[in-house]
Amino acid sequence: MTNGADRLTQLERRLQLVEDQLAITQLLASYGPSVDAGDPDRTAQLWTEDGEYDVKGWHMRGRDDIRAMVSSAQHQGLVSGGCLHFLGSPYVQVDGDSAVAVCESMLVLHEEGQYRVARGGANRIHLRRTNDGWRMTSRTIRGLNGTQEGRELLAVDVPSS
Amino acid sequence: MTNGADRLTQLERRLQLVEDQLAITQLLASYGPSVDAGDPDRTAQLWTEDGEYDVKGWHMRGRDDIRAMVSSAQHQGLVSGGCLHFLGSPYVQVDGDSAVAVCESMLVLHEEGQYRVARGGANRIHLRRTNDGWRMTSRTIRGLNGTQEGRELLAVDVPSS
Amino acid sequence: MTNGADRLTQLERRLQLVEDQLAITQLLASYGPSVDAGDPDRTAQLWTEDGEYDVKGWHMRGRDDIRAMVSSAQHQGLVSGGCLHFLGSPYVQVDGDSAVAVCESMLVLHEEGQYRVARGGANRIHLRRTNDGWRMTSRTIRGLNGTQEGRELLAVDVPSS
């Protein structure tokens, strides 16, 4: 039954990779709903305790910083007007207990009865498997507004670190 | 071989969950194409026979109601001008034969040669496994326009009922 | 152990289908980042060597044509201003070594400090399993601007050829 045992082991390894990809996709799918509901705790829990979120001109370090961003008057102002942080399907590369995801995103704002695309961004996200499941260790977002730094984040053949 | 049999059983259970998540994602991915093609039957079949679709001010009950919505002059007017019902990646929680999905969505309209985001919405979708595969038993959508009811639909730590 | 062997074989078959669906979703998720980074080689590699890309009024045949499109002054102009080729979640049907995917897409442009949805499209994509993984053999995109040809691409109950 060596053959059967080998096939079992290989199936378990392949299924684990599929589960990891889906879990990461699910984690990222919950970002928009969490941040657009204006929920600081739920949003912060998508990162590791020391996870970083690097927005141009604002580098958050740790869950407290992310909670503070979601709780800020600026963000709550977007939420109370109506906003969608819309992430595209992520390109995910898993390497054992770490992973890298790349995706594009849009910020859609509701203002004066109209919706508009206020920002378009490139995202590079590093993740780690934790006891609570996959969490972001860092997310970097830059505007796709013609700057080189936005385009550089989009390179998809990256080693997962 | 108890060990091997246990591992087989566990693999089958894990794979079933993965297949369920993918099947639900696929079902939801077919909503936009079905409704933007203006196809009443295909759209209605995404729900169970008695499935509900609760749009603000309009509560459809059963496939006939959904068919009527897609066939309506209002909807066919959007289709003949050009429209995209764009759903974001859903956050899906499966619990046996039922599931809950949460996602954001945009309605993009083509009018007078221009595209614009006409609406942004929060969706909470309940699903059930049927003999024909997963189907929606209810979908509730509310505008992300600053109202509380939109934001409430976005809570992602929900028990799947 | 016939029973166990049968279950193993069935698990392998089911897992293969799941892996194929995910691989195709990943391939398509890398289109936006590749083309919005303005990378001709990476973009061309998403197609088979003789893969086709049929945009209204422009039928590209083979990777060289696709490389030329991405390298063109027109496309590089979009990239240097800032653009997002945003694909929705694809509806994917796998049949052995070939597959069909249907999805909607948006082109969002950054111009004069503002973002706008410049185009909305319907996509029908044929794919083939190659030694390098899944690749597009053809992609047809048409505007969802009220024309019949756009809507026709959205039919989702297609035989996978």
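**Exercise 1. Identify the salt bridge that the side chain of Arg7(C) makes with chain B, and place it within the interface of chain C and chain B.**

Step 1. The side chain of Arg7(C) meets that of Glu12(B) in a salt bridge, at 2.9 Å from N to O; a salt bridge here is a side-chain nitrogen of Lys or Arg within 4 Å of a carboxyl oxygen of Asp or Glu. The model is predicted, so that local features need pLDDT of at least 70 and side-chain atom pairs count only at pLDDT 80 or more, while totals for chains, interfaces and linings use all residues. Residues are numbered from 1 along each chain as its sequence is written, chains are lettered from A in the order in which they are written, and side-chain values use heavy atoms, with hydrogens and water left out.

Step 2. Across the interface of chain C and chain B, the rule finds two salt bridges.

Step 3. In this interface, 34 residues of chain C are in contact with 34 residues of chain B, contact being heavy atoms within 4.5 Å. Arg7(C), Arg14(C) and Glu104(C) supply 20% of the area that chain C buries against chain B, more than any other three residues; buried area is the accessible area (1.4 Å probe) that two parts lose on being put together, summed over both.

**Exercise 2. Describe the side of chain A that touches chain B, beginning with the salt bridge of Glu19(A).**

Step 1. Glu19(A) pairs with Arg14(B) in a salt bridge whose closest N and O atoms are 2.7 Å apart.

Step 2. α1(A) gives the most to the side of chain A that touches chain B, with 12 residues; helices (H or I, at least four residues) and strands (E, at least two) are DSSP runs, numbered from the N terminus.

Step 3. By class, this side of chain A has 18 nonpolar, 12 polar and four charged residues, where Ala, Val, Leu, Ile, Met, Phe, Trp, Tyr, Cys and Pro count as nonpolar, Asp, Glu, Lys and Arg as charged, and the others, Gly among them, as polar.

**Exercise 3. Determine how helix α4 of chain A is oriented against α5(A).**

Step 1. The axes of α4 (residues 63–71) of chain A and α5(A) come within 5 Å and cross at roughly 50°; axes are lines fitted to C-alpha atoms, for helices over the stretch in contact, and angles run from 0 to 180 degrees between N-to-C directions.

Step 2. α4(A) is therefore oblique to α5(A), given that angles under 35 degrees count as roughly parallel, over 145 as roughly antiparallel, 65 to 115 as roughly perpendicular and the rest as oblique.

Step 3. Met69(A), Val70(A) and Ser71(A) of α4(A) make the contact with Ala73(A), His75(A) and Gln76(A) of α5(A).
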